[in-house]
Structures are given as structure tokens and as C-alpha cells.
Amino acid sequence: MTLSPVGERVAGPFMGPVARPRTQVRGRFTVLRLIACGVVIAIMADSTATTLAIPVLGADPIAASLPMTEVTWVSTVNFAAVAALLATAGRFADLLGRRTVLAFGLALYGLGAAAVIATTSWPLLLGGRLAQGVGAALMFPASLGLLLGELPANKRAGAVALWSASSGIGALTLQAGGGLLVAEYGWRGLFLPSAGLAAALLMLTPMLPRSRDIARRVPDVFGTVLLIGAITALVLAVSRGGTWGWTSGRTLACAAVAGLLLAGAVATSWRHAAGAIDMRLWRRPGFLWAGGASLLYGAASFVVLTMGPLYLRTSGFDPVTIGLWLTPISIAMIVSSPLAMLAGRRIGLNGVIYAGALALGGGCALMLAHPYPTWWTVLAALLLGGGFGALSTGTFTVGTMAAHPTQYASAVGAINTARMLGGALGVAGASALVDQPVLDGPLPGFASVLVGCLLVALVLGTVALMRVAGRPRRRAARMSRREVEAENIMLRRLLTELRASFVQVRDEAEEELARFGTRDLAPHRAVKN
């Protein structure tokens, strides 16, 4: 008997379908979910650890002589690597095998984290952060692509909800325990959880099935290099533009290089069967909307998660207290992600995105009304976290449902790239608003940033509401086409069956004539006459 990697029934060599033990199938699905969720927990824990480590890192001997603008390269080099490689890593996972790419990413990520923890020099620290970024970019789309490709269709939406909630778990872990890790082990202790988790997940990867629905082709290496260079240059222009100057030669050169390289990557992808950019994916219905919504969601979420600690630090809070103030955002994300998926079955995924934008706007408005930390800030944090959970679940589900099973990892990589580019744009714009606020009053810089997030929520909610309003007409059109197609199929089936009946009658008549012969029919004719 032959067992498939996953599935309820398999075929034996001398027998029909054989029922596979339900516990074995359930155990395989459990490992898939565990690894996919563990990957996003590790990445979000690392992102939160970086935010908490930068202020403390300035006092370490390896960075004490560096200005704060140089210390922030610890975050920039990691962010640039993840953003530049996400789309390419997802494409490679679909073409070469998701389990292989996942295992390589986990190994590289774990080695990078170990280098960060054990580093004694600034270059080694940046090298470790770069390795972590490359590893995260590889394992992120491969893990969710593998999960979606192996799970049955009726379980994929729930898996996305659980996966989205896991991002809140990763952030919550470091927000709640980050201060204790710093007090016990220094800033290096902040990277211990993600390093240990990566090692544990790597040991579980041999239990994963090999991808069954990948399209094994030789990727477009030249186009891949162009795409990686384009996104890297764009991220550097956006993330460092505030430091270099938005009209400086370096910023403008990075922007120009990004445009030229991206045009080259698109041109090669049109001609290559396995291009660096899967052009078929972006032409699928709903995927372009998912990418745009992810870009706006990233612009708002990255701004809140980056500016939140700065806002609380200006109010005089220590790192432990800052983590506790940010905890409601992560808790709300964990709770709202599965609730958003349940709501999506009733109001649709566009309705979920609209509800997430509404909660995001409500949280920003509440913080504008109460500029200093109070209990109203806790309620605002809950609204923000609830909005992030709904938007993350909604945008990811829309994007992955629009993709073909052979494109799952590519879809995850592309959607995450859009989210990170939105985050880079949002943080750059927020930094400019903090330095040159457009509002007056208390904390004018942070108030200007909140107004920007409110506008993002307004745009996102308006487009989602328009799609919700247009859904009945599109559904009616689809139903009418389906009815016509169903009638055509039924008519063809009836005609085919009728033709088969005639053929069967003809064949039986010819067999009877051949068996009895014309001589056997002669007496019957004589009797009849």
C-alpha cells in the first residue's frame, strides 16, 4: 500500500482506495500548523526585540562610539533583506520545493541569531542581522505556502486566521518579557527566544511532507537579481531618506536605480516561463486589491508599532512599562484574527477589511482625543490591535484565495513585500511628520502621524466598502453565468448519454446478426409469410 504525504485516502497496488488512519492525518496537519505559526512568532519576536534593543544598544561598547543614526542600521539591514527577498523567496519555494527553502531559511536565521547573541564587533552584528533577514525572507512564504498547499480547502481559512494571530503572540512575548530579558542578559537576551525557536522548528522540518503541487522549473536568475536590487534600492531610499535628505544625491540615486531595475525585472518576467515576478499571479481577480490593501495596512501598522515606543518614551516610561502599554495591541490581534475569519463567513472578506479599517480609524481618533497616556489609551490600543488582526487576516486570505495552489508561496511573498514596502513608506512619512508637524497643540508630531494613519484607514475602508456594495451585482452576474454553464453541461451530458445509448443498441444489433446469420432468419420469414 502506498501512502501519500497527506490526505484521507490512498491507493494500494492491488486494491482500491484505502482509508488512511485519521490520527496520522491529524498529526501531520498539527505539525504543519505548528511550524507555520512558529515561523511567524519567531519573526515578530525578532522585530519587537530589535525595537527594544536599539535604545539599549547605544550603551554597549561595540556601538558606544556610533551616532544613533548608525545604530539604527541594525534594523535597516534586516528590514531591507526581508523586503528585498520575500517575493523572490516565495517564487523560488513554488519552483524548487517549499520544505527545502523553509529548512534552509530556518538554518540561516538561527545562525544569524546566534551570531548576534555572541557578537563582539559591530560588523559581525550587522552580518548576523543580515543573515537573519535573508533567513526570515526564505522561511516566511515557504512555511505558509506549504501549509496552504497541504491542508484541505475547507481548513485553509482557519489556518490563515491562526497564522495571523501568531504574529500577535510573537510580539506579546517580547513586549511582556523583554524588559526582564534585558535586565538579566542585556540586549543580547532579547534575541534568545527567536534563536531557540528557530532551532526547534528546524528539527521538526523532516516531519513535513514534500510539496505536491509545485511547478519545478529553472527560475529566471537574471530577473531575480534585478528584482532584489530594485527592492533593496527602494527600501534604502525610503528608510534612509530622512537621514540622508530626501533631495540628496544618495536618495535620488537609489530611487532612480530602483525604478530602472524594477522595469528590467518586469520586462524579463514577461518573457520567461519562470520569471522572478509571477505576472499571472497579479492578473488573477482580487490579487491586485489584496496587494494594495496590504500596502496600506503595512503603512499604518508599522507606523504604530515603531512610533508607539517613541511616544511612550517621551512620556517618561521605562522599557518594561513601555512593553506593558503595548501589550493590549498584541492581545487584541491574537483574539481578533480568528474572530475576523468567523465574521468573514457572514459578511465576506471585504467586510472584514472594512471592519478592520473602522477599528483602526477609531483607535487613531481616540488617541487624538487623548494625547497623553491614560486608560483611554488602553482602549485605543485594543481598537488598533483588533483592526490589525482583521486587516492581516482579511488581506492575506483575499490574496491566497486568489492564487492557484502552485502559487501559494509566491502569493504570500508578494503580499508581504507589499506590506513591508508600505511599512517603509509609512515610517519614512511618519519620521518626516514628527520632525515637521502639520498640526499644533500637545505632541504635534505624533498627532500629525495619527492623522496620517487615520487617512490611510479612511482610504482602505472606503475602497473595501465600495467592494462590499458591488458584491451583490457581481455575485448575480456570476450566478447567471453559472446557471448558463450548468444548463450547457447538463445538455451536453444528456446528448452524450443519448448518443451512447444509440451506439450500444447498434452494436448489440450487429452482434445478434453476426451470431444467428441470415440462414437462421429464413424459416422465420417463411412462417411469417
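**Exercise 1. Work out how H5 and H6 sit against each other.**

Let's start with handedness: H5 and H6 make a right-handed crossing, where right-handed means the near helix is turned clockwise from the far one by less than a right angle, and left-handed means anticlockwise. By class, seven nonpolar, no polar and one charged residues make up this contact. Here Ala, Val, Leu, Ile, Met, Phe, Trp, Tyr, Cys and Pro count as nonpolar, Asp, Glu, Lys and Arg as charged, and the others, Gly among them, as polar.

A quick word on the source: this is a predicted model, where local features need pLDDT of at least 70 and side-chain atom pairs pLDDT 80 or more, while totals for chains, interfaces and linings use all residues. Residues are numbered from 1 along each chain as its sequence is written, and side-chain values use heavy atoms, leaving out hydrogens and water.

Next, the angle. The axes of H5 (residues 122-150) and H6 (residues 153-185) cross at roughly 150 degrees and come within 10 Å. Axes are lines fitted to C-alpha atoms, for helices over the stretch in contact, with angles from 0 to 180 degrees between N-to-C directions. Helices are DSSP runs of H or I with at least four residues, numbered from the N terminus. H5 and H6 are therefore roughly antiparallel, the label for angles over 145 degrees, while under 35 is roughly parallel.

Finally, who touches whom? Phe140, Leu144, Leu147 and Leu148 in H5 meet Arg156, Ala159, Val160 and Trp163 in H6, with contact meaning heavy atoms within 4.5 Å.

**Exercise 2. Do the same for H5 with H4 and with H3.**

Take H4 (residues 98-118) to begin with. Its axis is 7 Å from that of H5, at an angle of about 150 degrees. H4 and H5 are therefore roughly antiparallel. Their contact has 18 nonpolar, eight polar and two charged residues. The crossing of H4 and H5 is left-handed.

Now H3 (residues 73-96): its axis and that of H5 come within 7 Å and cross at roughly 30 degrees. H3 and H5 are therefore roughly parallel. Their contact has 20 nonpolar, four polar and one charged residues. The crossing of H3 and H5 is right-handed.

**Exercise 3. Check the length of H6, then look for a bend.**

H6 has 33 residues, so at 1.5 Å a residue it should span 48 Å, and its end C-alpha atoms are 45 Å apart, which agrees. The expected span is 1.5 Å times one less than the number of residues.

For the bend, go to Gly177, where H6 turns by about 55 degrees; that is the angle between axes fitted to the seven residues ending there and the seven starting there. Just after H6, Gly186 has a positive phi of about 80 degrees.

Terms used:
Helix = DSSP H or I, 4+ residues; strand = E, 2+ residues; numbered from the N terminus. Parallel < 35°, antiparallel > 145°, perpendicular 65-115°, else oblique.
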